Amino acid sequence: MTTSEPPAATSPRSSSSEGGGADWWLFRGDGESREVPFPAAPPWRRFDGQETATGDRVPYPRPYLIGPDEVEVVNAALHLRRPLLVTGQPGTGKSSMAHAIAHELTLGRVLQWPVNSRSTLQDALYHYDAVGRLREATLRRDADGTEPDIGQYIRLGPLGNALVPRKRPRVLLVDELDKGDVDLPNDLLTVFEEGEFAISELTRLPAGHGPVQVRTDDPDETAPVTRGRVRCDEFPVVVITSNGEREFPPAFLRRCIRLDLPEPDEQRLREIVTAHLGPDALADTDDLLREFLERRAEGDLATDQLLNAVFLRKGGVHLDAASLLRGVLHRLGGAV
């Protein structure tokens, strides 16, 4: 049952002196049901996105600031057509690097491969639904005797899609490769060196068989595959991130361009806050910035945690720096 908003004088959570104005207390913990308008989300937590000229739906571009030395390394990887291996502390912008490149170079939606302990090269290249094809073939034989097209049972993964021949390369984000199996970096070497792979289920087709349209990692998109081989025209822009949880083999490192993103200093933090939240965002937030820098010196903190704190402060949350940061500036390491 929906009830009306209780009068401010009787609500235990209505006083701005307790940490924010009435707009802050969306949830009051008083057991009463009410409809409240939700405030605008932070810019980095909006998911509606925008449609590109090619029909791709991509997130709205987010400001991304790095130093000139780091920009030089990114350009070296682009010119050499080598994977960019990005390392650094959590929150330094490793994953955002791929989205920044795709946005600036108008390369469409970023293809993403989030790596975990169960990830395999096969997962990233393609998946063949043998069970689905067998079921459909049985049904069709009983109905009209036709065979289903094998292409609709093959879906290219993010790496396989990145290697589809195109005039302009796609951006592939291989996120947290250090979380994968110890052999995964070596498994990637041949694909990265040759820029191609084979779909074994298609290589068995007769020599005169035409191109097969297979599904891709892009929604509702297909790609032609001839004689079961996918070979890129332009090597994709590959951004690999690592949190440094383990070392990679020398053969793999030799084929990558290394970029270690430093933690932003105070001036860069101010520039990042301004870029994300506007030129007025730094007003009355010096205490938040000072508290953030002190806490970061004692343990791992991410830049987006500072952005969260500034966003709340600018939204009318009147907590002091220590109280506000206690919730959003928790350390990223250790037991929780």
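This is a short exchange on the sheet and helix packing of a predicted model.

Reader: What makes β4 and β13 the edge strands?
Author: Each pairs on one side only. The sheet is open, with five strands in the order β4-β7-β12-β3-β13 and parallel pairing. β4 covers 111-114 and β13 covers 257-261. From one strand to the next, the twist averages 20 degrees.

Reader: How do you know that β4 and β7 pair?
Author: Pairing needs at least two bridges. β4 and β7 (residues 171-175) have four bridges, in the parallel sense. One bridge partner is known by name: Q112 is matched with L173 in β7.

Reader: What angle does helix α1 make with β13, and which strands does α1 lie across?
Author: α1 (residues 68-80) runs at about 155 degrees to β13. The helix lies across β3 (84-88), β12 (237-242) and β13.

Reader: Why is α9 called oblique to α11?
Author: Helix α9 (residues 266-277) packs on helix α11 (residues 303-314) at about 55 degrees, with the axes 10 Å apart. Roughly parallel requires under 35 degrees, and roughly perpendicular 65 to 115. The angle of about 55 degrees fits neither, so α9 is oblique to α11. Their crossing is right-handed.

Reader: Which residues make the contact of α9 with α11?
Author: From α9 come L269, I272, V273, H276 and L277. From α11 come T303, L306, L307, V310 and F311.

Reader: How do those contact residues divide into nonpolar, polar and charged?
Author: Eight are nonpolar, two are polar and none is charged. Leu, Ile, Val and Phe count as nonpolar. H276 and T303 belong to the contact, and both count as polar because their residue types are in neither the nonpolar nor the charged list.

Note on methods. Residues numbered from 1 in each chain as written. Predicted model: local features only at pLDDT ≥ 70, side-chain atom pairs only at ≥ 80, totals over all residues. Heavy atoms only, no water. Helix = DSSP H or I, 4+ residues; strand = E, 2+ residues; numbered from the N terminus. Axes fitted to C-alpha atoms, helices over the stretch in contact; angles between N-to-C directions. Contact = heavy atoms within 4.5 Å. Parallel < 35°, antiparallel > 145°, perpendicular 65-115°, else oblique. Left-handed = near helix turned anticlockwise from the far one by under 90°.
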